[in-house]
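Open the model in the viewer and keep the selection panel at hand. The stops below go from one helix outward to the chains and their contact.

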Amino acid sequence: MSEVEIVLVEAGRYRWRIEQRPPMRVPGVVFANGALLPQAAGDHALEQVANVATLPGIVRASYAMPDVHWGYGFPIGGVAATDVGQGGVVSPGGVGFDISCGVRLLAAGVDRDELDAERIRRLMDLLDRTVPRGLGRGGLWHLSGPEELDELLLGGARYAVEHGHGVPRDLERCEDRGVLAGAAPGEVSNRAVERGLQQVGSLGSANHFLEVQAVDRVHDPETAAAFGLRTGQVCVMIHCGSRGLGHQICTDHVRAMDRELHHYRIELPDRQLACTPVDSPRGRAYLGAMTAAANYGRANRQLLSEAARRAFATALGVGLELVYDVSHNLAKLETHEVDGVPRKLCVHRKGATRALPPGDPDLPADLTGAGQPVLVPGTMGTASYVMVGLPGNEAFRSACHGAGRVWSRHQALRTVRGEHLKGELEARGIAVRPALMRALAEETPEAYKDVDAVAAVTEAAGLARQVARLVPLGVCKG
Amino acid sequence: MREASLVDGREPAARSDRGHRSVPHTADLRVEAWAPTAEGCIGELVHALVGSFADLSGARIVGERACTVLAVSDPDLLAGVLEEVIYRMDVDGELPAALALGPIGGLDGARSVEVRFRMADTATAALVGAVPKAVSLHGLELGEGPGGWTCAATVDV
């Protein structure tokens, strides 16, 4: 298959268009300023945005958020919607291996000026000992067997709360109230089940983390108050997903769709874009399995929240209230207007966050007036953001999901030593508890885009508005 | 069967007739290998994958495992062997310290290879990098060229 030609045109402030060229079915749209635009030699993110535009049934555009970077198949930070009624496809690669990878923010009943370095050190030591991460350390919840895992795949965070791992209010502050309907544990392979059994309540490695933060600045006091945030407040941000189970489900279904492409005469520029019509037996099977993994991801973050609560209660004598839990790797069947007509779309968000505006019926009752919290983790040395969904978002109500990587792990290791970085962060009052020093170096703040710029461009492009900026106090790295 | 030790994870100083390396990729792991045979090439890539995140030099050997990997093509066979390594790590807490691959058999469309792993306990391994979780079909390669066999894979970490 011929390569897609990339013709990039500036199409407004913070908006770039990749012109539609065969075999693209729609143009590409990238929200960025000049500095955030992927342009390093060897970075294939824009080519990947164009490749996604070739998917059958794609509508409007193949979108890239301001934090977009090079992935495989889809770019990370990509949004693509396909029209289910017009043979639109679902692509597991458009969700990603780590199905329902996402972010959870909890607010503590304590302010940063009440904590000295010793209290933070004690808290971080406790988290370091109790949060499973890295290689082969198992999870916090030992399930009795595959039958109980099936219950968890159907029940998500709700199942965890029903079994004492959290409080009912947590579910009110989770996307989909902690459980996505339509899970099909029968479509989850034995291998996925085996991998998932031992990992409920574990962070994983690489860019996953549990971070203690403080609200540094509030941009929008009214919305921040609705979210339960105020200046100086201590928070916990958790970033992780569905572990081996989600990865195995993606692997299994990409392989199956790759083998069956010829049934639907689908040609693709990249095998990792393997897809099938949403309205087909394979499409339904994948969505059922993906939903099961999404529920696993939510239960996983629920268990890690419980570990954080225990540590805060023990070390500081305070509780943690859930602000919100969002997935940034997911496909959802949603209704959106396309050319003035409501259409049932399969919206893929790979490294992108759903961003519902105020008034949306899917919002929790106490956030209807404010809108959906959009959680944007930055880096362990800079900042993270809480944003809120806005009306009029052209990218199917989607926003950024983080700072976005610019350096390879090689470049990070060539440039930074883990021990030096740890010392530098500690000198700035950030207590670091890495699983290993090399992994810390790979995640150096310089390896990422400027999160302040990503948040500002996300707002200027009309995708979401800044509510609060959070800074790190302590980090448990996976 | 051809056996390759995985205990020494270092790259050869100069390019010999067999070896492996990792190359830059923004967020994940891209590994490449070369060898005189397809089986040797797959073994080298397993070496690259394991060496990217685990040092097994002091790890305890716990036994052997054998499996037959089936796939529609040689590149997919390569992915299948790497996926077996990831699966055993997650489920049994074991990583291969060495492996032996039988000859690749079958016609195009139905390829197979027998693999025997000498397994080490992950609890006794030293973690040295981000843990792999899946193998992407993006840029998956295994093929013969004028200088022997080469292969490459992009691995999600």
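Select helix α3 of chain A, which bends by about 115 degrees at A:Gly155. The bend is the angle between axes fitted to the seven residues ending at a residue and the seven starting there. Helices (H or I, at least four residues) and strands (E, at least two) are DSSP runs, numbered from the N terminus. This is a predicted model, in which local features need pLDDT of at least 70 and side-chain atom pairs count only at pLDDT 80 or more, while totals for chains, interfaces and linings use all residues. Residues are numbered from 1 along each chain as its sequence is written, and chains are lettered from A and ligands numbered from 1 in the order in which they are written.

Now pick the end C-alpha atoms of α3(A), residues 146–162. They are only 18 Å apart, although the helix has 17 residues and a straight one would reach 24 Å at 1.5 Å a residue. That expected span is 1.5 Å times one less than the number of residues. Just past the helix, A:Gly164 has a positive phi, near 90 degrees.

Colour the buried residues of α3(A) next; among them are A:Leu149, A:Leu152, A:Leu153 and A:Tyr159. A residue is buried if 20 or more other C-beta atoms lie within 10 Å of its own, exposed if 12 or fewer, and partly exposed in between, with C-beta atoms placed from the backbone. Which helices do the buried residues of α3(A) pack against? Show α4 (168–172), α5 (190–197) and α8 (281–316) of chain A to see them. Contact here requires C-beta atoms, placed from the backbone, to lie within 7 Å.

**Binding-site annotations**

Select A:His239 and A:His328, which UniProt lists for "binding site" in an unreviewed entry. They are spread over 90 residues of sequence but cluster in space, with a largest C-alpha distance of 10.2 Å. UniProt positions are given in the numbering used here, feature names are shortened, and annotations may be inferred rather than shown by experiment.

Centre on A:His239, in strand β9 (residues 233–240) of chain A. This residue counts as buried because it has 24 C-beta neighbours inside 10 Å. Leaving aside neighbours within four places in sequence, A:His239 is in contact with A:Val103, A:His208, A:Phe209 and A:Pro377.

Move to A:His328, in the loop between β11 (320–327) and β12 (329–338) of chain A. With 30 C-beta neighbours inside 10 Å, A:His328 is buried. Its contacts, apart from neighbours within four places in sequence, include A:Cys101, A:Val103, A:Arg349 and A:His401.

Add A:Asp98 and A:His208, also listed by UniProt for "binding site" (unreviewed entry). Their largest C-alpha distance is 11.1 Å, and they cluster in space although spread over 111 residues of sequence.

Where is A:Asp98? Look in the loop between β6 (89–90) and β7 (102–111) of chain A. A:Asp98 has 28 C-beta neighbours inside 10 Å and so counts as buried. Beyond four places in sequence, A:Asp98 is in contact with A:Gly241, A:Ser242, A:Gly246, A:His247 and A:Asn329.

A:His208 lies in the loop between α5 and β8 (209–218) of chain A, and is buried with 23 C-beta neighbours inside 10 Å. Not counting residues up to four places away in sequence, A:His208 touches A:Leu203, A:His239, A:Cys240 and A:Gly478.

**Whole chains**

Zoom out to chain A, with its 12 helices and 19 strands. Its radius of gyration is 21 Å, close to the 23 Å that the globule rule gives for 478 residues, so chain A is as compact as a globular protein of that length. The radius is taken over C-alpha atoms, and the rule is 2.2 Å times the number of residues to the power 0.38. Buried residues make up 62% of chain A.

Switch to chain B, which has two helices and 11 strands. Of its 157 residues, 54% count as buried.

**The contact between the chains**

Select the contact: 36 residues come from chain A and 28 from chain B. On the chain B side, α2 (74–92) and β11 (148–156) each give two or more residues. α2(B) gives the most, with four residues.

How values were computed: Contact = placed C-beta atoms within 7 Å.
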